[in-house]
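This report is meant for a reader who is meeting the structure for the first time. It begins with the whole chain and then turns to a few chosen places within it.

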Amino acid sequence: MNRIAKFEKVSFDQFHKDWLKAYPDTSEEEIRVIYDDLKLPERATRGSAGYDFYAPADIDLKAGEQTLVPSGIRAKIDDGFVLILVPRSSLGFRYRMQLDNTVGVIDADYYEAENEGHMMCKLINDSRNGKALHVSKGQGMIQGIFLPFGITEDDDASEVRTGGMGSTTKQKAG
């Protein structure tokens, strides 16, 4: 196995800012406890491809509801690899839990973004039969898989990332 990445927590300041955007009624003390309890993603077994990302707090979604979950996690990824984020199979199968953007693509240079590469998870309960979704704090909510990728022979990309979602196309438009 190639060791090509390392998970880390974002700074408390970054997590605090992002958590308050998603959950503005949370006290400073509660945010500190959530941050201190964050668990880095792990594989469940030696044969697992996916790294489980754990819920930083209880998540409750009625059918059709969605929420933004700041994971508190960033990943330092070697060049030539990408981290793909998808729902955990069991939650997708039982509740049709999905990521609102279907698949998260975390590029290696996202680590250097202004938001410290903080991975955010917008979850939706797309249950078709009214099932409520509950994910307990510390339970796996999504999984991340590292994959190699290639580029075209005539690729000449040289821009440097500054932002997060959508920032690379904004740079090209300018």
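A polar contact, as the term is used below, is a pair of N or O atoms within 3.5 Å, of which, within protein, one must be able to donate a hydrogen and the other to accept it. The model shown here is a predicted one.

## The chain as a whole

The protein is built from four helices and 11 strands. Its radius of gyration is 17 Å, close to the 16 Å that the globule rule gives for 174 residues, so the protein is as compact as a globular protein of that length. Taken along the principal axes, the box filled by the C-alpha atoms is roughly 50 × 35 × 35 Å.

Of the 174 residues, 41% count as buried, and the protein exposes about 10500 Å², of which carbon and sulfur atoms supply 49%. When contacts between residues at least 6 apart in sequence are considered, 76% of them join residues at least 24 apart. The protein carries 22 positive and 28 negative charges, and the mean positions of these two groups are 7 Å apart.

## Histidine 118 and aspartate 18

Histidine 118 is placed in the loop between strand S8 (104-107) and strand S9 (120-125). With a relative accessible area of 0%, histidine 118 is buried, because any residue under 20% is counted in that way. Leaving out residues up to four places away in sequence, histidine 118 touches Val10, Gln14, Phe15, Asp18, Pro70, Ser71, Gly72, Ile73 and Tyr110. Isoleucine 34, by comparison, is 84 residues away along the chain, and its C-alpha atom is separated from that of histidine 118 by 15 Å.

The side chain of histidine 118 is joined to that of aspartate 18 by a polar contact of 2.6 Å. Aspartate 18 belongs to helix H1 (residues 12-22) and is itself buried, at 6% relative accessibility. The side chain of aspartate 18 also makes a polar contact of 3.0 Å with the side chain of glutamine 14. Beyond residues up to four places away in sequence, aspartate 18 touches Pro70, His118 and Met120.

## The covered side of helix H1

Which residues of H1 are buried? They are Phe12, Gln14, Phe15, His16, Asp18 and Trp19, so that both partners of the 3.0 Å polar contact between aspartate 18 and glutamine 14 appear in the list of buried residues. What covers the buried residues of H1 includes helix H2 (28-36), strand S4 (66-70) and S9.

## Two residues with positive phi

Threonine 102 has a positive phi of about 70°, although it is not a glycine. Threonine 102 is found in the loop between strand S7 (97-99) and S8, where it counts as exposed at 56% relative accessibility. Glutamate 116, which is not a glycine either, has a positive phi of about 65°, and glutamate 116 lies in the loop between S8 and S9.

## The loop between S9 and S10

Aspartate 126 has its place in the loop between S9 and strand S10 (133-135). Its side chain is joined to that of arginine 96 by a polar contact of 2.9 Å, and a further polar contact, of 3.0 Å, links the side chain of aspartate 126 with that of glutamine 98. Apart from neighbours within four places in sequence, aspartate 126 is in contact with Tyr95, Arg96 and Gln98.

Alanine 132 lies in the loop between S9 and S10 as well, and at 54% relative accessibility alanine 132 counts as exposed. Its contacts, again without neighbours within four places in sequence, are with Leu61, Lys62, Tyr95 and Asn125. Aspartate 109 is 23 residues from alanine 132 along the chain, and the C-alpha atoms of the two are separated by 36 Å.

## Leucine 91 in helix H3

Is leucine 91 buried or exposed? Leucine 91, which is found in helix H3 (residues 89-95), is buried, with a relative accessible area of 3%. Setting aside residues up to four places away in sequence, leucine 91 touches Arg96, Met97, Leu133, Val135, Gln139, Gly140 and Met141. One of these, leucine 133, is 42 residues from leucine 91 in sequence, while the two are 8.4 Å apart in space, C-alpha to C-alpha.

Notes:
Residues numbered from 1 in each chain as written. Predicted model: local features only at pLDDT ≥ 70, side-chain atom pairs only at ≥ 80, totals over all residues. Heavy atoms only, no water. Rg over C-alpha atoms; globule rule 2.2 N^0.38 Å. Buried < 20%, exposed > 50% of the residue type's maximum accessible area, 1.4 Å probe, protein only. Contact = heavy atoms within 4.5 Å. Areas by Shrake-Rupley, 256 points an atom, 1.4 Å probe, with all protein chains shown as cover. Lys, Arg positive; Asp, Glu negative; His and termini not counted. Charge placed at Lys NZ, Arg CZ, Asp CG, Glu CD.
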